[in-house]
Amino acid sequence: MKYQPVFCIWVSAIRIYRNALLVAGICLLFIGCSETKPESDKKLIVTTTGMLEEGLSSIVADDFRVVALIGSGTDPHSYKPSASDLKLLRSADIIIYNGLMLEGRMTDIFTALSSEKVVWNFSHGLDSTRFISAGLEVFDPHVWMDPVLWSEGMLHIGKRLDLEYPNGQNTYALRASTYQRALLRLDSSIRLALDTVPASKRILVTSHDAFQYFGRAYQWQTLGLQGISTTGDIGISEIRNMTDFIIQNKIQAVFPEASVSDRNLQALLEACKRRGHVLTLGTPLFTDAAGAAGTPEGTYSGMLKFNQETLCREILRP
Amino acid sequence: MPESLWIHDAGLWWLLFGLICIAVSCGLTGVFLTLKGEALNGDVMAHGVLPGIVVAFMVSGSRDLIWLIPGAALSGAATLWAKRWLVATAKVRPDSAAAITLSVFYGLGIVLLSKVRQSGTAAQAGLDRFLFGSAAAMLTDEVWIAVILTLSVVILISAYYKGLTVFVFDPEYAAVAGFPVQRLSFLLTFLTLICVITGVQLLGVVLVASLLVAPAVAASAWTHALHIRLILASIFACMAVLGGGLISASGDGLPTGPWVVVILSFFAFIGIGKKYFVRKLR
Amino acid sequence: MSGNTASIKSNTAIALQAVQVSYDAIVALDSVTTDIPLGQMTAIIGPNGSGKSSLLKAILQLVPYSGRITFAQGITLEQMRPRLAYVPQRILVDWHFPVSVQDVVAMGRYKPGAFFNRLSAQDYEAIKEALAETGLTAFAKRPVGALSGGQQQRVFIARALARKADLFILDEPFSGIDSASEENIWQIAKALTAAGKTLVMVHHDLQSVAQHFDHVILLNGYCAAAGPVHEVMQPEVLNAVYYSRLPSSPQHA
Amino acid sequence: MSDQLWILCTGILVAIVCALPGSLLMLRRQALMGDAIAHAVLPGIFWAYWVSGGADSLIFLPGAAISGWVAAQAIAWLSKDNRLSSDASTGLVFTFLFAVGVILISAFSRQTDLDQECVLFGDIIWVPLEVFRTEQGLSLGPQAVWILCITLVLFLAVIFIGFKGWMLTSFDPVFAQIAGYRVWLWSAVLMAMTSLSSVAAFRSVGAVLVIAFLAVPPAIAALYTKSLRRQLWDSCFWGSISTVSGWGLALYWDVSISGMMAVMTGVWFLIVWSFLRIRRWYKNTSYATSHQATPTS
């Protein structure tokens with residue numbers, strides 16, 4: 001009748017975990033076999049966003065392999081890692097991330113990794129006085145929307161690469177400044193095109209606040225219906241105030257973003273229509289992620305150019 | 001500076017009317033669900049739509065709601081079917097069954113999302129949130145759809161009122177007495193599906209559960225008669241939408257959907273408090 | 001609620017003074033004042049909804065009530081707990097719970113507030129006795145879900161017996177069980193009374209009351225009658241209560 | 001130690017840390033508590049952000065845990081004495097808290113991406129990267145493993161010390177109360193445990209896996225176990241099996257590891273259920289044939 005509970009627990013523990021250990025052993029074997037060699041002896045740079053990947057590729061040319069973790073076409077907010085992503089980060093020689101909390105919870109992981117790998121926070125290379133504040137000690141992370149600011153960061157990265165892998169010729173800094181010049185050319189062409197828009201029409205209304213850097217760079221007033229947060233929700237008053245604003249300023253088009261649903265803007269359209277103002281829904285602009293690979297807007301510069309062309313075309317539409 | 005006082009804004013009242021329609025149909029359905037002990041079916045279904053959305057996207061390659069909504073509806077129905085199977089055949093308790101189906105379907109959705117990401121098409125960005133809009137941004141067409149849906153919910157419930165009552169109260173008796181139990185169970189699933197698919201687009205995955213639960217709980221404190229409970233639940237739903245809408249119209253930074261939910265929850269808490277204090281005081 | 005050592009008669013197990021219980025707006029039980037005698041078997045009877053279970057729950061402080069309830073020698077429920085055994089209604093428990101018969105009976109020996117709750121040899125002895133008395137020794141290792149209704153009820157009785165209590169409170173122990181189990185429980189009850197224990201039982205089979213009980217409390221939303229079994233179990237007393245509850249009469253449901 | 005082994009180790013730890021409170025929750029018919037806590041942490045996250053102003057995710061842990069515990073307590077309190085069915089109270093409380101969280105964020109921090117997905121929920125795949133280090137830079141193993149180990153030791157102690165109490169208060173709370181147990185205290189401790197384990201696990205592996213591990217492995221074990229001890233051990237076991245198989249398949253198909261593990265819990269449920277079904281059917285038929293055979297022969 002008498003039984004000893006402590007003993008019973010351990011007996012069953014051993015019985016169950018013997019099986020578990022067996023399984024774990026098999027797995028260990030599996031891991032041992034599946035360790036693969038890297039494809040080439042080139043050093044690997046892993047970036048988070050596609051924009052960073054593109055910039056880096058033009059800086060390092062063929063000296064490094066550059067891979068984006070989140071990849072083009074994926075919004076960092078809805079990034080769900082797959083099993084191979086860990087291997088990618090592990091095999092990276094340099095990791096570069098955007099910073100300013102764009103990567104959310106993953107920022108901690110990069111911070112932790114920085115003690116064993118070369119991990120660079122891209123935003124650290126920027127002049128922090130030029131960040132746009134977004135609350136307590138938090139800043140708007142969409143720095144790539146201003147090509148000048150972005151190119152400065154890239155230049156900084158080039159310099160750091162030279163420090164890290166010196167070859168006496170400052171190759172990377174040189175290439176970075178070439179890249180910067182290209183971006184500055186892009187910037188001036190965008191500026192030139194956007195300057196044709198009269199000052200009274202330089203108002204960009206989008207679904208969420210991703211255009212603040214863009215707006216500051218080209219003297220546009222930018223308004224997002226929703227804040228940066230995708231959890232925060234909008235109220236009736238936001239829609240009404242935005243409608244008032246649109247009618248007062250005679251805005252003709254509002255622009256959805258490729259990665260955000262345009263339902264809220266549709267509501268804006270209807271509210272304007274009810275009050276006799278014709279508002280059109282523009283072509284979706286690219287913000288958090290570039291377009292599909294292979295298309296012109298699938299690259300960073302192509303995406304900025306696409307945004308500019310869309311704006312000029314649709315805001316200046318008679 | 002508003003051009004006219006907001007009270008006179010026809011658009012606002014039109015929007016509130018649409019929201020009221022949806023809240024009322026959710027409230028009515030919720031009364032039956034809560035009585036049947038399936039109050040969280042709404043929550044389970046709202047999570048269960050994710051794999052359907054992703055599969056619909058994979059098949060069609062577009063983010064058009066015309067593709068996403070049938071996908072969502074099918075997978076939502078599959079979730080409820082799985083839950084019912086677990087309860088009826090595998091003899092799992094309803095709460096466990098709900099948690100199992102919710103987590104497994106949502107997990108499947110995440111697996112599919114991580115797979116679709118590798119395809120690298122720009123269109124898949126934000127797919128997991130694409131169906132979820134804002135209560136303040138209800139469109140005119142959607143108001144009409146809401147009216148039609150509410151009318152059909154009301155008609156269906158009144159047509160099957162007796163059957164539903166018996167079925168919800170005592171399914172075994174209903175089966176023995178010859179009520180069409182299969183059809184009634186299907187009807188309840190269908191009603192839930194309507195409520196969840198429309199509710200999710202206005203309130204998001206989490207808060208839609210509240211529209212189904214809170215009015216029923218609030219109403220249950222004041223009456224034991226089912227028909228009065230249905231009427232009360234509708235009234236509470238109306239009042240919450242009006243209150244939430246007016247609060248939200250009064251200033252920036254006051255989101256409509258969450259305020260409706262908070263007010264509804266207050267009604268429910270008042271109901272529970274009333275029950276509690278009446279018991280305590282006597 | 002019942003704090004001071006109030007005057008309580010030496011032959012009283014539980015003294016009730018103006019006990020009132022209400023749910024929501026409905027008064028389930030109105031001002032019951034009576035004594036439950038020590039060392040006897042007391043039945044609480046009455047029609048459905050007459051407050052039998054409410055009275056029991058008030059005694060056990062499971063529902064809020066007004067009035068005063070005192071136990072033998074003027075002690076409170078807290079002091080009484082170690083010597084009190086309760087047999088709840090069988091349907092209130094989840095019988096698919098993964099426990100064996102012996103586990104449930106052993107619950108009667110758990111000491112609240114103790115860490116680990118290692119059972120002593122004495123405890124095992126009490127469990128063994130209780131199982132034997134209820135005829136469940138052969139089922140000791142079975143999961144409780146696999147038992148019949150009557151056997152499940154006997155498991156609860158065994159758990160109460162294992163407590164070696166002085167006061168037993170049973171809520172409808174005979175509802176929905178087989179006659180063998182019923183017989184077994186009556187025997188145990190008789191043996192307990194013979195050993196000087198007090199039993200209080202909610203009961204609804206009027207036929208068997210006179211045969212088995214010593215004392216009866218007849219409830220009807222209030223205390224309609226209370227006293228030795230031969231005084232209460234008179235046709236005119238019972239009729240007054242049971243006929244007044246017919247659907248036509250304006251009573252609270 | 002290999003990255004993949006750390007992932008497995010974390011998965012198994014999460015499975016155990018969730019299966020222990022999960023089993024007790026399932027027996028108390030509160031299996032959806034994980035889902036409720038996952039959403040109800042939002043006001044706590046806002047509060048932690050508001051108090052600290054920072055963005056280090058460790059500070060969100062206490063805020064989220066407290067918020068989750070408040071939710072769990074509220075749900076337990078509302079469903080006490082059958083005032084309200086447990087699922088109705090769950091649906092009421094977590095939606096309310098989530099709505100409050102959304103309102104606070106919309107009103108005060110619209111410009112910050114402050115939701116649990118972003119600041120709290122991790123993914124199991126990153127576990128090996130986030131390690132504790134000594135000042136010399138020596139790796140002490142993943143943070144998640146440490147946090148989960150501490151939680152696990154705490155739980156094992158709590159469950160082991162009060163094993164009989166857990167059994168009694170879950171099986172027959174009324175009897176326990178009359179025997180002098182403070183049932184509400186046991187319930188509060190269980191809810192604190194659940195909230196702690198969920199939040200610790202959310203941080204390392206994300207929400208969906210925690211909800212799955214709280215609910216499914218205990219349900220698998222409940223298909224056949226007959227004692228609480230077996231129930232606890234076997235749900236740990238099934239959680240671990242789901243971890244290993246989900247991990248293997250995720251590597252094979254190159255998909256989300258957390259998601260795949262959650263799916264595998266469901267698959268194992270089906271496998272165990274069909275196995276039991278077939279065994280019962282086989283036993284019944286062999287029983288029937290043997291009984292038919294004897295009288296005729």
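Chain D holds 13 helices and two strands, where helices (H or I, at least four residues) and strands (E, at least two) are DSSP runs numbered from the N terminus. This is a predicted model, in which local features need pLDDT of at least 70, side-chain atom pairs count only at pLDDT 80 or more, and totals for chains, interfaces and linings use all residues. Residues are numbered from 1 along each chain as its sequence is written, while chains are lettered from A and ligands numbered from 1 in the order in which they are written.

## Chain D as a whole

Let's start with overall dimensions. The radius of gyration of chain D is 21 Å, which agrees with the value near 19 Å for a compact globule of 297 residues. That radius is taken over C-alpha atoms, and the globule rule is 2.2 Å times the number of residues to the power 0.38. Along the principal axes, the C-alpha atoms of chain D fill a box of roughly 85 × 50 × 35 Å.

Of the 297 residues in chain D, 66% are buried. A residue is called buried if 20 or more other C-beta atoms lie within 10 Å of its own, exposed if 12 or fewer, and partly exposed in between, with C-beta atoms placed from the backbone. Two residues are in contact if their C-beta atoms, placed from the backbone, lie within 7 Å. Among contacts in chain D between residues at least 6 apart in sequence, 73% join residues at least 24 apart.

D:Pro43 gives a local example. This proline lies in helix 3 (residues 42-52) of chain D, and it is buried because 24 other C-beta atoms lie within 10 Å. Its C-alpha atom is separated by 4.3 Å from that of D:Gly101, 58 residues apart along the chain. Leaving aside neighbours within four places in sequence, D:Pro43 is in contact with D:Ser67, D:Leu97, D:Val100, D:Gly101 and D:Leu104.

## Where chain B meets chain D

Here 42 residues of chain B are in contact with 45 residues of chain D. On the chain B side, helix 4 (94-118), helix 8 (181-220) and helix 10 (256-281) are the elements that give two or more residues. Helix 4 of chain B gives the most, with 15 residues. The residues on this side of chain B divide into 28 nonpolar, nine polar and five charged. In this count, Ala, Val, Leu, Ile, Met, Phe, Trp, Tyr, Cys and Pro are nonpolar, Asp, Glu, Lys and Arg are charged, and the others, Gly among them, are polar.

## A helix in chain A

Helix 9 (residues 263-274) of chain A has 12 residues and reaches 17 Å from its first C-alpha to its last, close to the 16 Å expected at 1.5 Å a residue. The expected span is 1.5 Å times one less than the number of residues. Since 10 of its 12 residues are buried, helix 9 of chain A is largely enclosed by the rest of the structure. Among the buried residues are A:Arg263, A:Leu268 and A:Cys272. Just after this helix, A:Gly276 takes a positive phi of about 80 degrees.

## Positive phi in two loops

Most residues other than glycine have a negative phi. The table lists two residues with positive values.

| Residue | Phi | Loop | C-beta neighbours within 10 Å |
|---|---|---|---|
| B:Lys91 | about 55 degrees | between helix 3 (65-88) and helix 4 of chain B | 12, exposed |
| C:Gln73 | near 65 degrees | between strand 4 (65-71) and helix 2 (77-80) of chain C | 13, partly exposed |

## The sheet of chain C

Chain C has an open sheet of six strands in the order 5-6-7-3-8-9, with mixed pairing; two strands pair if DSSP finds at least two bridges between them. Strand 5 (84-87) and strand 9 (223-228) of chain C stand at the edges, each with a single partner strand, so one side of each is left without a neighbour in the sheet. The twist averages 10 degrees from one strand to the next. Axes are lines fitted to C-alpha atoms, for helices over the stretch in contact, and angles run from 0 to 180 degrees between N-to-C directions.

Strand 8 (residues 215-219) and strand 9 of chain C run antiparallel and are joined by five bridges. C:Ile217 stands opposite C:Ala226 in strand 9 of chain C. Helix 5 (residues 149-162) of chain C packs on the sheet, touching strand 5 and strand 6 (167-171) of chain C, and its direction makes about 175 degrees with that of strand 5 of chain C.
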